[in-house]
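Reader: I have a model open on my screen and would like to understand the labels people attach to it. Could you take me through the reasoning behind them?

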Amino acid sequence: MADEHEMTSPEDQALADEWAAALGESGDAGQSDIDALLAADGGASGSRLPMEEFGSSPKPNGPVSLDGPNLDVILDIPVTISMEVGATDINIRNLLQLNQGSVIELDRLAGEPLDVLVNGTLIAHGEVVVVNEKFGIRLTDVISPSERIKKLR
């Protein structure tokens, strides 16, 4: 270990000295500043307000009605929704041979409902529709909200 200390460059040693000086300056002064702030508070730690619980805010008026904690805090978080037509396993050799016009056989039958996934979690099944020259999906079977939450745990 003594050999490693002798092999440090002058720049490394200077950096280590700067860190040591900075830590030395902030060590006792930082704690005394914190103590001074607490003393200036007048010892009013008993008058602090308790942390707010998630269930203490009003219930949402929308269609989301789940038993349990209030979900208002997460309702505006964006999620990724995707539709899965099917899947298959393919080895890398065949993957590298794919080109324009290649056909890959999937594990679903024609006309079988698609899976609707939110962040990779199945939430519904549906069928493809065309609306104003864009693809869409009509939900045919939706997993209940309580079942979706159970899958997240």
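Reader: What makes β2 and β3 a hairpin, and which residue in the turn has a positive phi?

Author: Happy to start there, with the reminder that this is a predicted model. Strands β2 and β3 have two residues between them and form a hairpin. The residue in the turn with a positive phi is Asn 119, at about 50°.

Reader: How do you know that β2 and β3 pair?

Author: Pairing calls for at least two bridges between the strands. Strand β2, residues 114-118, and β3 have five bridges in the antiparallel sense, so they pass that cut-off. To see one position, look at Asp 115, which stands opposite His 125 in β3.

Reader: How many bridges join β3 to β4?

Author: Eight bridges join β3, residues 121-131, to β4, and the two strands run antiparallel. Since pairing needs at least two, β3 and β4 count as paired. You can follow the match on screen: Val 131 stands opposite Lys 134 in β4, and Glu 127 stands opposite Arg 138 in β4. These strands also form a hairpin, with two residues between them.

Reader: Which residues in the loop between β3 and β4 have a positive phi?

Author: Asn 132 has a positive phi of about 50°, and Glu 133 has one of about 65°. Neither Asn 132 nor Glu 133 is a glycine. That is worth a look because most residues other than glycine have a negative phi. Both Asn 132 and Glu 133 are found in the loop between β3 and β4.

Reader: Why are Asn 132 and Glu 133 called exposed?

Author: Exposed means over 50% relative accessible area. Asn 132 is at 71% and Glu 133 at 80%, so both count as exposed.

Reader: What makes β1 and β4 the edge strands?

Author: The order in the open sheet of four strands is β1-β2-β3-β4, with antiparallel pairing. Strands β1 (81-84) and β4 (134-142) each pair on one side only, and that is what puts them at the edges. Neighbouring strands of this sheet are turned by 40° against each other on average, direction ignored.

Reader: Why is the contact of Asp 115 with Arg 108 called a salt bridge?

Author: The cut-off is a side-chain nitrogen of Lys or Arg within 4 Å of a carboxyl oxygen of Asp or Glu. The side chains of Asp 115 and Arg 108 meet at 2.4 Å, N to O, so they qualify. In general terms, side chains of opposite charge can pair when their charged atoms come close.

Reader: Is Asp 115 buried or exposed?

Author: Buried means under 20% relative accessible area. Asp 115 is at 11%, so Asp 115 counts as buried.

Reader: How many salt bridges does a search of the whole structure find?

Author: The search finds two. Besides the Asp 115 and Arg 108 pair, the side chains of Glu 127 and Arg 138 meet in a salt bridge at 2.9 Å, N to O. Glu 127 lies in strand β3 and Arg 138 in strand β4, so this pair ties together parts that are 11 residues apart in sequence.

Reader: Why are Glu 127 and Arg 138 called partly exposed?

Author: That label covers values between the buried limit of 20% and the exposed limit of 50%. Glu 127 has 37% relative accessibility and Arg 138 has 47%, so both count as partly exposed.

Reader: What is the pattern of the protein chain along the sequence?

Author: Reading along, you get α-α-β-α-β-β-β-α, which comes to four helices and four strands. Of the 153 residues, 8% count as buried.

Reader: Where in the protein chain is confidence lowest, and where is it highest?

Author: Confidence is lowest in helix α1 (residues 2-6), with a mean of 47, and highest in helix α3 (residues 92-96), at 93. Over residues 1-5 the pLDDT is below 50, and this stretch has one contact in the model beyond near neighbours in sequence. For the protein chain, the mean pLDDT is 75, and 61% of residues reach 70 or more.

Terms used. Residues are numbered from 1 along each chain as its sequence is written. Side-chain values use heavy atoms; hydrogens and water are left out. Axes are lines fitted to C-alpha atoms, for helices over the stretch in contact, and angles run from 0 to 180 degrees between N-to-C directions. Buried means under 20% relative accessible area, exposed over 50%, partly exposed in between (1.4 Å probe, protein chains only). pLDDT is the predictor's confidence in each residue, from 0 to 100. Contact means heavy atoms within 4.5 Å.
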